[in-house]
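Hello,

Here is the structure I said I would pass on. My notes follow below it.

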Amino acid sequence: MTTSVRVSRPASVPRTELHVDPRFLPLADRFFAMYRQPQHGGGALTAYFRGEKVLDIWAGWADRDRRWDRDTVALSFSTGKGVASTVVHRLAERRLIDYDAPVARYWPEFGAAGKGDITVRDVLTHRAGLHKVRGLMRSPLDLLEYDAVVEALAAAPADPRRLRGPGYHAVTYGWLVAELIARVTGKPFVQVVQDEIAGPLGVDDFWYQVPGQHRPRIAKLFPHINPAGLNWELTSNVLSLVGPTRGLAEAAMPQGFDALVRNPAVHDAVMPGWNGVFSARALARMYGAIANGGRLDGRRFLRKSTIARMSEVQTRDRDYVLGIRPLWSLGYHRPIFASREQPRNAIGHYGVGGSGAYADLDSGLSLGFVTNRLGSSLTALGDLRLARLGVEAQAIVRNGK
């Protein structure tokens with residue numbers, strides 16, 4: 001049984017009710033310790049356990065003169081890939097999408113430049129060979145033009161390395177999935193997200209284009225996303241010339257991206273690989289349904305058979321962009337914990353800078369975490385904050401607290 005209780009809070013936490021199951025107080029304490037000073041920024045953490053919300057807390061600052069409150073949301077970078085992928089699985093469950101069908105069946109233009117055999121499964125596992133965003137468009141602002149970008153991707157040839165293993169589509173993944181969904185449904189991607197995710201879950205905070213009335217809720221990101229504080233253009237140019245880092249620069253470091261991240265126009269655009277704006281509550285609720293066998297509040301969100309398919313590891317090969325083995329499943333990676341023991345049957349997606357969410361299919365636990373204080377900008381699957389929170393949550397569940 002869960003309950004709302006008073007907890008020991010730092011002064012940064014607004015005077016409003018937080019939801020904490022007593023068993024998860026250690027997790028709440030670890031979270032609050034991260035946001036004791038204004039320079040730490042702010043964040044929110046929500047957890048579901050076996051279909052029940054057991055934690056819903058927030059702390060810190062959304063801006064220099066604004067505390068983080070219950071309604072604050074945050075730009076969460078690649079965390080949004082997991083949400084977009086879940087839309088695909090909702091459609092596949094109704095046989096509107098076949099994982100092993102060529103993408104060109106649904107999006108004929110995609111078959112150009114020899115890509116006619118690339119499947120939906122290839123896209124979901126970063127094996128489409130279309131990881132390159134650097135140089136895809138003439139200027140950074142052109143990346144805001146959805147139709148022009150998907151046209152460019154459809155016309156582009158695939159990188160031959162796709163035949164040897166995955167290459168993380170750090171930015172392009174979202175456009176590929178969004179256009180696939182739009183072609184299958186005949187509706188704009190953002191409308192399908194509302195129909196397939198927000199509506200069934202009863203929460204609106206799944207935004208790729210943020211409605212004007214909700215924009216004041218967005219936390220201000222800081223510091224700049226420049227790697228190690230270095231000049232973005234110089235660093236990205238150097239990395240693009242070095243063999244081991246060339247793939248990362250091609251996939252994640254387009255010219256002017258550091259300025260684009262701070263441009264309010266990103267909230268008008270559809271760039272689902274990185275510009276999703278969410279609350280921790282929304283993310284944890286979606287993954288909470290997945291962790292609970294596809295059901296939440298007595299309603300079916302996904303079938304167990306669908307969850308089994310979408311969580312199966314598809315490739316154990318080294319990713320030629322990341323240089324590691326992320327164990328990609330169909331649109332997700334295995335969550336990363338800051339411990340020797342890693343979850344064996346879990347899926348989720350972390351975002352650069354720290355935000356992320358996941359579902360542990362064995363324990364029935366889900367976590368959603370958003371923050372505006374960016375961590376390492378070179379850690380493509382997130383920094384260590386969520387990894388440490390995951391360790392604490394795992395210990396609570398394992399020890400039966």
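R215 touches V210, P264, H267 and D268, leaving out residues up to four places away in sequence; contact here means heavy atoms within 4.5 Å. A polar atom of the R215 side chain lies 3.1 Å from the backbone oxygen of H267. That pair is a polar contact, defined as N or O atoms within 3.5 Å, where within protein one must be able to donate a hydrogen and the other to accept it, and where residues adjacent in sequence count only if both atoms are side-chain atoms. R215 sits in the loop between β6 and α8 (232-239). Helices (H or I, at least four residues) and strands (E, at least two) are DSSP runs, numbered from the N terminus. With a relative accessibility of 27%, R215 counts as partly exposed; buried means under 20% relative accessible area, exposed over 50%, and partly exposed in between, with a 1.4 Å probe and protein chains only. V277 is 62 residues from R215 along the chain, and their C-alpha atoms are separated by 9.7 Å.

Before the rest, two notes on the source. This is a predicted model, in which local features need pLDDT of at least 70 and side-chain atom pairs count only at pLDDT 80 or more, while totals for chains, interfaces and linings use all residues. Residues are numbered from 1 along each chain as its sequence is written, and side-chain values use heavy atoms, with hydrogens and water left out.

Overall fold

The protein has 13 helices and 12 strands. Its radius of gyration, taken over C-alpha atoms, is 20 Å, which agrees with the value near 21 Å for a compact globule of 401 residues; the globule rule is 2.2 Å times the number of residues to the power 0.38. The C-alpha trace spans about 60 × 45 × 45 Å along its principal axes. Of the 401 residues, 60% are buried. Among contacts with a separation of 6 or more, 67% are between residues 24 or more positions apart. The exposed area is about 16000 Å², with 49% of it supplied by carbon and sulfur atoms; areas come from the Shrake-Rupley method with a 1.4 Å probe, and for residues only the protein chains shown count as cover.

The end of β12

T371 is in strand β12 (residues 365-371), and N372 is in the loop between β12 and α13 (384-399). Both are buried: T371 has a relative accessible area of 1% and N372 has 0%. The T371 side chain reaches the backbone nitrogen of R373 at 3.3 Å and makes a polar contact with the side chain of R385 at 3.4 Å. The N372 side chain reaches two backbone oxygens, that of W61 at 3.1 Å and that of K220 at 3.0 Å. Not counting residues up to four places away in sequence, the contacts of T371 include Y35, G42, W68, L221 and S355. On the same basis, those of N372 include G42, W61, W68, K220 and L221.

Helices α6 and α7

α6 has 14 residues, which should span 20 Å at 1.5 Å a residue, and its end C-alpha atoms are 20 Å apart, in agreement. The expected span is 1.5 Å times one less than the number of residues. α6 is mostly covered, with 11 of its 14 residues buried, among them Y173, W175, E179 and I181. These buried residues pack against α2, α3 (103-106), α4, α5 and α7. G186 follows α6 and has a positive phi, near 75°.

α7 (residues 189-201) has 13 residues and reaches 17 Å between its first and last C-alpha, close to the 18 Å expected. At D195, α7 bends by about 30°, the bend being the angle between axes fitted to the seven residues ending there and the seven starting there. Its buried residues are F189, V192, V193, E196, I197, A198 and L201. Their cover includes α2 (79-93), α6 (172-185), β6 (206-207), α11 (280-291) and β8 (295-296). Just after α7, G202 takes a positive phi of about 70°.

A loop glycine

G129 lies in the loop between α4 (120-124) and α5 (146-155) and counts as buried at 5% relative accessibility. Beyond its neighbours within four places in sequence, G129 is in contact with P157, A158, D159, R162, H169 and Y320. G129 and R64 are 65 residues apart in sequence and 42 Å apart in space, C-alpha to C-alpha.

Regards
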